[in-house]
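The following exercises concern the architecture, the packing and the charged contacts of one protein chain. Each task is followed by a solution worked in steps.

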Amino acid sequence: MDDQERRRHFEELARELTEPLRRFVVRRTDPATADDVLADTLLVCWRRIDQIPADPLPWAYGVARNCLANAERGHRRQRRLAARIASTTPPDVVPDPAEVPGDDAVIAALAELRPAEAELLRLWAWEELTPGEIAVVLGITPNAASIRLHRARQNLADRLRKDERKIDRTAGHEESREGRRP
């Protein structure tokens, strides 16, 4: 059977089967689900057009019954999932890292990096992802993620060292008062 014949055969079957199938399904479920089940049933008919018996209605009822059972299982899964979501406690609010008191030098050094490097370091340090996992997130190869992570860590370390030198220079100007006063 070529495509034209299959299409013609299906259109004839659809005209013959649609209304009996619609009544069959509507009597068993709500209207919205009935439309979905009818569509699924006709889709199965299209896919299996070569296997439909000479008396197609009982066979189509069997297909509709299976499609309806699938739809009902799907509804039950949705209800269970909704109940599970409703019963779980919401996650704690994650504070904005900029608002969390921490090491100001690290935050400042991170802000000086290119955004791509900073994001790479955040994925590694905050989300605790491996280079392979970072590669999946960024859509790059694991090797590229490892190399970029190494460079980003090196850049962050260089910036932190520069900040330490700044701090050391200012610390050297402080005068020690130890031992001068009782």
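**Exercise 1.** Which residues does Val25 touch, not counting residues up to four places away in sequence?

*Solution.* The model is predicted. Leaving out residues up to four places away in sequence, Val25 touches Ala34, Val37 and Ala64. The next step is to place Val25 in its surroundings. Val25 and Val37 are among the residues with the most contacts inside the largest nonpolar core, which has 20 residues. Phe10, Leu17 and Leu21 also belong to that group. Helix 1, helix 2 (31-47) and helix 3 (56-87) each supply at least two residues of this core. Helix 1 gives the most, with seven residues. A second, separate core has 14 residues, including Ala109, Leu110, Leu129 and Ile134. As a general background, nonpolar side chains tend to be buried together in soluble globular proteins.

**Exercise 2.** Describe the overall architecture of the protein chain.

*Solution.* Begin with the secondary structure: the protein chain has seven helices and zero strands. Read from the N terminus on, its elements run α-α-α-α-α-α-α. Then consider burial: of the 182 residues, 25% count as buried. Finally, turn to contacts between residues at least 6 apart in sequence: 60% of these join residues at least 24 apart.

**Exercise 3.** Examine the salt bridges in helix 1 and explain how the sequence positions of the partners relate to the helical turn.

*Solution.* The structure holds eight salt bridges in total. One of them joins Glu11 to Arg7, with the closest N and O atoms 3.1 Å apart. Because these two residues are four residues apart in helix 1 (residues 3-26), about one helical turn separates them. Glu11 has a relative accessible area of 34% and is therefore partly exposed.

Another salt bridge joins Arg22 to Glu19, where the closest N and O atoms lie 3.3 Å apart. Here the partners are three residues apart in helix 1, so they are separated by about one helical turn. Arg22 counts as partly exposed at 32% relative accessibility, and Glu19 is partly exposed with a relative accessible area of 42%. The analysis can be extended by one residue, since Glu19, Arg22 and Asp35 are linked in a network of salt bridges.

**Exercise 4.** Is Glu117 buried or exposed, and is its salt-bridge partner Arg114 buried or exposed?

*Solution.* First establish the pair: Glu117 forms a salt bridge with Arg114, and the closest N and O atoms are 3.8 Å apart. Then apply the cut-offs, under 20% for buried and over 50% for exposed. At 8% relative accessibility, Glu117 counts as buried, whereas Arg114, at 53%, counts as exposed.

**Exercise 5.** Which residues line the second largest pocket, and which element gives the largest share of its lining?

*Solution.* The second largest pocket has a volume of about 180 Å³. Its lining consists of Arg114, Ala116, Glu117, Glu119, Leu120, Leu138, Ile140, Arg148, Arg151 and Ala152. Both partners of the salt bridge in Exercise 4, Glu117 and Arg114, thus appear in this lining. Next, assign the lining to elements: helix 5 (115-125) and helix 7 (142-172) are those that give two or more residues. The largest share, four residues, comes from helix 5. Lastly, sort the lining by class: five residues are nonpolar, five are charged and none is polar.

Conventions
Residues are numbered from 1 along each chain as its sequence is written. This is a predicted model: local features need pLDDT of at least 70, side-chain atom pairs count only at pLDDT 80 or more; totals for chains, interfaces and linings use all residues. Side-chain values use heavy atoms; hydrogens and water are left out. A salt bridge is a side-chain nitrogen of Lys or Arg within 4 Å of a carboxyl oxygen of Asp or Glu. Buried means under 20% relative accessible area, exposed over 50%, partly exposed in between (1.4 Å probe, protein chains only). A nonpolar core is a set of buried Ala, Val, Leu, Ile, Met, Phe, Trp, Tyr and Cys residues joined through side-chain atoms within 4.5 Å. Contact means heavy atoms within 4.5 Å. On a 1 Å grid over the protein atoms alone, a cavity is a set of points where a 1.4 Å probe fits but cannot get out, and a pocket is an open set with protein on both sides within 12 Å along at least five of seven lines; lining residues have an atom within 4 Å of a point. Grid points are joined across faces, edges and corners, and a volume is the space filled by probe spheres set on the points. Ala, Val, Leu, Ile, Met, Phe, Trp, Tyr, Cys and Pro count as nonpolar, Asp, Glu, Lys and Arg as charged, and the others, Gly among them, as polar.
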